[in-house]
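Got your viewer open? Here is a walk through one model, stop by stop, with something to select at each.

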Amino acid sequence: MSSDRYSVRDIEAKWQRIWEERKQFRATEDPSRPKFYCLEMFPYPSGRIHMGHVRVYAIGDLLARYKRMRGFNVLHPMGWDAFGLPAENAAIEHGVHPAIWTYENIDSMRSQLQKLGTSYDWDREVTTCDPAYYKWEQLIFIKMFERGLAYRRRSAVNWCPSCKTVLANEQVEAGRCWRCDSEVTLREIEGWFFKITAYADELLAWCDRLPGWPERVLTMQRNWIGRSEGAEFDLPAAGRPELKIRVFTTRPDTAFGMTYAVIAPEHPLVDRLAAGEAERAAVAAFRAEVARQSEIERLAVDRPKRGLRLSACVVNPFSGVEIPLFIADYVLMGYGTGAIMAVPGEDQRDWDFAKQHDLPIIETVERPPGWVGEAYTGEGIKINSGFLDGLTVADAKRRAIDWLVQRGLGEAKVNYRLRDWGISRQRYWGAPIPILYCDACGMVPEREENLPVVLPRDVQLSGKGGSPLADVATFVNARCPRCGGRARRETDTMDTFVESSWYFLRYCSPRYESGMFEPQAADYWMPVDQYIGGIEHAVLHLLYARFYTKVLRDLGLTKVDEPFTALLSQGMVIKDGAKMSKSKGNIVDPDEQVRKYGADTARLFSLFAAPPEKDLDWNDHGVEGAFRFLSRVWRFVAGHLEELRQVGSLRGAPGSEESRTFRRTIHETVKRVTDDIEHDFHFNTAVSAIMELVNALPAFASAPPDRVPPGERTALLREAVEAMLLLLAPFCPHITEELWARLGHTESVFARRWPEADPAALERDEVTLVVQIDGKVRSRLTVEAGAPEADVQRRALADDKVKTWLAARRVERVVIVPNRLVNIVTHS
């Protein structure tokens, strides 16, 4: 390797080999040191990593390496979310078994990640399709089943009548099967559920106790849980009081404005309410139309609501008036009671529907003066509301609920938008559900000593006719664990979100054979200190992981209430104005970038181009700029090695003004980079600060002896270069390891403690203040550090630029932030 050439491939291969030989990133429990558990969401082994992967893994690796240098005992593991439908589809398309396809992809992606220089403890690697992994979630399933937290019931699913199989929502395209283009219908089948609703209140309450999470994500989770307080009561069918439709409302005070009611097309009372063949046919046709829509489409606020008026009416119990009854697409059976009272005066959705169907609108809240609008949802005094007239909205809510309770017509109720987690998948490539069906004993869980229930390899995958496990006699036919008689196994497999709901606990002791995880190891490492992943996982994965952790806590397996102390949701990688995807043809191959520029360049660009929470716009020129910067670092250090190897330290404060200024630049950079990483995740501005320090190196190195004494220059150059390499190391580990070694160090750059800014070096004789007028920068002022505020104010007001701006204004007050800012507040 040439000593003066930045040979990317040689350098990166060399240090990846050294790190592996040293087992440099192996983690062990050490109670004497503070721990830091850094985790990126593990990937699905699709076969290739993309630049979105590079970005998230570069962020995680930076934090892991930084924390190691800060003295933390760091756990930074990696594994594979290995079950899932793509492997099954690949098996059907290419005739390769899902296990073979999955493990080949894992080998490929592991190699790619290693070439990025990631500091993973590969000894802790987990693969969720390994029976040694899913054995433990089968055991937890049994414990949940025994406690009523896992149960079986009928539910509606997407069904392709041609393929004779259940489809996931993402497999339904414009109401048709993605594989055969047949029209998809809704079908009710038996399925397994986890009772996440039993934890709704706790999941919601802890949203207020996660300060390390983005408020955006917490808001999404609160909305998904959707706790609402109100009343539940019955609307009897007119002339048929034995038929009662239960409704829930958060605004019982508006009940006098109820001018119609809506029931979900799937509601079980619809068939009893429909009268005559013609109406039943119309209902069937409407149901078929609605079945072609996804839940998201049905609930979308920006689309017209479609409904069918029934001949039946219901009675408003508050007014005694008969009102029309509709079935409509925007009411779903799985939400609330599957029926609503409609108050168009105070609900915009109801107002739109009422206008569309020419229904009356009754205002029940007095509008503010000058109100011109549609539905009114604000506060006010009740009107047109019988015994509620004259009350405030809050008082009227309480009075309306009391009225219902006193008459036995309804009750106060807390409702949730959250529904229980359906975990059944009628597919092959997933963890088997450990339940058997015995004619004598009914549903029976497998014995613990018989776990894992292993997914058989000898299956025929066609993508048609439901789960292929049903055709594997050696799997289906079994003995009842309770009576020993003939039984058949459950052929549904578990949702892959189950595997990702506890993998972070398995990392604590991945080879532990006596349980899900070794308790002492989990007590040491958990919770995860920093979790990193895309905003698209803000609800389902994160909510399920929180729920599952609480279940494990209640089973006595862990002591933590929440799995993740802090969360960073990184933005997407964009190219040509769109998210990178194969279909758009805008994919950038990370391997090509690594071959051309090196892993350090790819990492540096992904960390520098945008703040982590923002989308990153891919730019080839930006990648080239990152490579040029690293080449400049290499050339400077390599070109000054002889001088830099002269080990020596500065004795006392620098003698020359130029040296003092340069040393201040070094330590200001240390402070800026530390603050940007530690407090704000502003990795892009941290890189900018390092670049500024690198830009300052050549001028100081070429300063003549009469301005900077040679010994002082050498000592300060070495201090600057060492600080620069230490600061740059978490971003670009390979080049910094190589240059660190060339400076004469025998230990890894990551064995050195993170630099600390010297307060004495940061002291300034003079400071430059920003002068603002009404919050806008108008000038700058150089004053002595610590100058009295009266002197600062006098000089600011006397500044020529300031006087120009103040010519037609009157100064009301002057706000001074010492050594930083003067803000002049004026009155025009």
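## Stop one: a parallel sheet

Start by selecting glycine 534 and glutamine 570: glutamine 570, in strand 23, is the bridge partner of glycine 534. Keep in mind as you look around that this is a predicted model.

Now show the whole of strand 22 (residues 530–534) and strand 23 (residues 567–570). Four bridges join strand 22 to strand 23, and the two run parallel. How many of the residues of strand 22 are buried? Five of the five are, so strand 22 is largely enclosed by the rest of the structure.

Next, add strand 1 (residues 35–40), which is joined to strand 22 by three bridges, again running parallel. For a pair to click on, take leucine 39 and tyrosine 531, the latter being the bridge partner in strand 22.

Keep going to strand 2, which pairs with strand 1 in the parallel sense over three bridges. Here, phenylalanine 36 has valine 74 of strand 2 as its bridge partner.

Put these together and you have an open sheet of four strands in the order 2-1-22-23, with parallel pairing. Which strands stand at the edges? Strand 2 (73–75) and strand 23 do; each has a single partner strand, so one side of each is left without a neighbour in the sheet. Look along the sheet and you can follow a twist that averages 20° from one strand to the next. If you want side chains on display, remember that in a regular strand they alternate between the two faces of the sheet.

## Stop two: the helix on the sheet

Leave the sheet on screen and select helix 2 (residues 51–69). Helix 2 packs on the sheet, touching strand 1, strand 2, strand 22 and strand 23, and its direction makes about 170° with that of strand 1.

Helix 2 has another partner to show: helix 21 (residues 657–680). Two packed helices are described by the angle between their axes and the distance between the axes. For helix 2 and helix 21, the axes come within 11 Å and cross at roughly 115°. The crossing is left-handed. To see the contact itself, select Leu62, Leu63, Tyr66 and Lys67 on helix 2, plus Thr674, Ile677 and Glu678 on helix 21. Coloured by class, that contact shows four nonpolar, one polar and two charged residues.

## Stop three: histidine 541

Go to helix 16 (residues 540–554) and pick out histidine 541. Buried or exposed? Histidine 541 counts as buried, at 6% relative accessibility. Setting aside residues up to four places away in sequence, histidine 541 touches Met41, Phe497, Ser500, Tyr503 and Tyr531. You have met Tyr531 already, as the strand 22 partner of leucine 39.

## Stop four: a mixed sheet

Clear the view and show strands 24, 25 and 26. These three strands form an open sheet in the order 25-24-26, and here the pairing is mixed. Strand 25 (578–579) and strand 26 (616–617) are at the edges with a single partner strand each, so one side of each has no neighbour in the sheet. Strand 24 (residues 573–575) runs parallel to strand 26, and two bridges join them. Zoom in on isoleucine 574, which stands opposite aspartate 617 in strand 26.

## Stop five: arginine 367

Move to the loop between helix 11 (348–356) and helix 12 (393–406), where you'll find arginine 367. This arginine is buried, with a relative accessible area of 15%. What does its side chain reach? One polar contact, of 2.7 Å, joins the side chains of arginine 367 and glutamate 346. The arginine 367 side chain also reaches the backbone oxygen of valine 365, at 2.7 Å. Leaving aside neighbours within four places in sequence, show Gly345, Glu346, Glu374, Ala375 and Tyr376 to see what arginine 367 is in contact with.

## Last stops: alanine 470 and cysteine 177

Alanine 470 is in the loop between strand 18 (442–445) and helix 13 (473–476). It is partly exposed, with a relative accessible area of 46%. Not counting residues up to four places away in sequence, alanine 470 touches Val476 and Thr491. Try the distance tool on its C-alpha atom and that of serine 182: they are 24 Å apart, with the two positions 288 residues apart along the chain.

Finish at cysteine 177 in strand 6 (residues 176–177). Cysteine 177 is buried, with a relative accessible area of 2%.

Definitions and conventions. Residues numbered from 1 in each chain as written. Predicted model: local features only at pLDDT ≥ 70, side-chain atom pairs only at ≥ 80, totals over all residues. Heavy atoms only, no water. Buried < 20%, exposed > 50% of the residue type's maximum accessible area, 1.4 Å probe, protein only. Polar contact = N/O pair within 3.5 Å; in protein donor to acceptor, adjacent residues only side chain to side chain. Contact = heavy atoms within 4.5 Å. Axes fitted to C-alpha atoms, helices over the stretch in contact; angles between N-to-C directions. Left-handed = near helix turned anticlockwise from the far one by under 90°. Nonpolar A, V, L, I, M, F, W, Y, C, P; charged D, E, K, R; others polar. Pairing = 2+ DSSP bridges.
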